[in-house]
Amino acid sequence: MSSNTPAPDYDLDDRLELTTAEQVRAISDPLRTTLLGLLHERAATVTELAAAVKRPKSTVAHHVNLLTRAGLMRVVRTRRVRAIEERYYGRTARMFYIGLGRHSPDGDKLPHDFNDFDVAAKESAAAYEDGRMRAFLRHARIPEERAAEFWRRVDQVIHEFDQLPRSGDTVYGFAVGLYPMPDYPILPPASASEDDSG
């Protein structure tokens with residue numbers, strides 16, 4: 001797609017917290033995640049989505065129905081073509097997330113979403129082999145409050161990436177994460193003699 005229009009071409013909420021097991025299960029399937037990803041570009045029909053993912057229309061319709069029932073996708077407009085009404089689907093929010101507590105409002109523990117890094121590792125393999133992957137991994141020993149503040153800043157970059165106009169011919173993956181590592185080695189405090197040698 002070569003237009004430089006804001007994406008997507010319909011109104012949607014900025015964020016939606018997933019609070020039910022149905023929602024988490026719905027978003028935990030790689031095909032459904034891909035379908036939702038395509039809708040960042042623009043609203044699409046089941047036929048268009050099926051062509052994009054090279055799957056049977058009946059399969060894609062099943063997944064679209066699951067996402068719609070879970071409140072992650074909705075019909076954003078319709079168009080009559082001859083005697084048939086075409087439905088265009090869109091996301092209900094730009095970003096879906098599971099709260100850190102991972103419990104539904106009624107206290108039930110929510111199932112795990114899939115591991116985004118596992119997905120990113122598979123997606124990025126070809127770019128790595130071609131020498132076209134940009135990646136960065138660092139570790140820092142910081143208090144939890146600093147980690148939360150840092151993630152808020154990263155979240156702004158994620159939001160900016162989500163809102164970029166779709167104007168190129170290549171899709172880029174963008175994976176970020178922040179996770180505690182309780183078993184990572186830590187140096188002992190410097191001794192007094194080392195402090196004086198400085």
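Hi everyone. A residue counts as buried when its relative accessible area is under 20%. Please keep that cut-off in mind, because L49, at 1% relative accessibility, falls under it and counts as buried. What I'm showing today is a predicted model.

Let me stay with L49 for a moment. You'll find L49 in helix 3, which covers residues 46-53. What does L49 touch, once we set aside residues up to four places away in sequence? The list is L35, L38, L39, A44, V60 and V64. There is also a distance to mention here: L49 and Y89 are 40 residues apart along the chain, and their C-alpha atoms are separated by 9.6 Å.

Now let's step back to the whole chain. The chain has seven helices and four strands. If you walk along from the N terminus, the order of elements is β-α-α-α-α-β-β-β-α-α-α. Of its 198 residues, 25% count as buried. As for contacts with a separation of 6 or more, 67% of them are between residues 24 or more positions apart.

Next, the strands. Strand 2, residues 73-81, pairs with strand 3 in the antiparallel sense, over eight bridges. To pick out one of the partners, R74 is bridged to G90 in strand 3. Strands 2 and 3 form a hairpin with two residues between them.

One residue in that turn is R82, which sits in the loop between strand 2 and strand 3. Is R82 buried or exposed? R82 counts as exposed, because its relative accessibility is 78% and the cut-off for exposed is over 50%. Its backbone caught my eye too: phi of R82 is near 55°, a positive value in a residue other than glycine. Most residues other than glycine have a negative phi.

K54 tells a similar story. K54 is not a glycine, yet it has a positive phi of about 55°. Its place is in the loop between helix 3 and helix 4, the latter being residues 57-69. K54 counts as exposed, at 72% relative accessibility.

Back to strand 3, where we also find R91. Is this arginine, R91, buried or exposed? R91 is buried, because its relative accessible area is 6% and the cut-off is under 20%. So what surrounds R91? Leaving aside neighbours within four places in sequence, R91 is in contact with Y10, L12, L36, G37, L39, H40, L72, M73, R74 and F96. You may recognise R74 from the strand pairing, as the bridge partner of G90, and L39 from the residues that L49 touches. The side chain of R91 also has a polar atom that lies 2.9 Å from the backbone oxygen of A93.

Last stop: the second largest pocket. About 220 Å³ of space lies in there. Helix 3 and strand 3 are the elements that give two or more residues to its lining. Which element gives the most? That is strand 3, with five residues. The lining residues are T45, V46, T47, K57, V81, R82, I84, E85, E86, R87 and Y89. By class, that makes four nonpolar, two polar and five charged residues.

Two names on that lining have come up already. R82 is our exposed turn residue with the positive phi, and Y89 is the residue whose C-alpha atom is 9.6 Å from that of L49.

That's my tour. Thanks for listening, everyone!

Key. Residues numbered from 1 in each chain as written. Predicted model: local features only at pLDDT ≥ 70, side-chain atom pairs only at ≥ 80, totals over all residues. Heavy atoms only, no water. 1 Å grid on protein atoms, 1.4 Å probe; cavity = no way out; pocket = protein on both sides within 12 Å on 5 of 7 lines; lining within 4 Å. Points joined across faces, edges and corners; volume = space filled by probe spheres on them. Nonpolar A, V, L, I, M, F, W, Y, C, P; charged D, E, K, R; others polar. Pairing = 2+ DSSP bridges. Buried < 20%, exposed > 50% of the residue type's maximum accessible area, 1.4 Å probe, protein only. Polar contact = N/O pair within 3.5 Å; in protein donor to acceptor, adjacent residues only side chain to side chain. Contact = heavy atoms within 4.5 Å.
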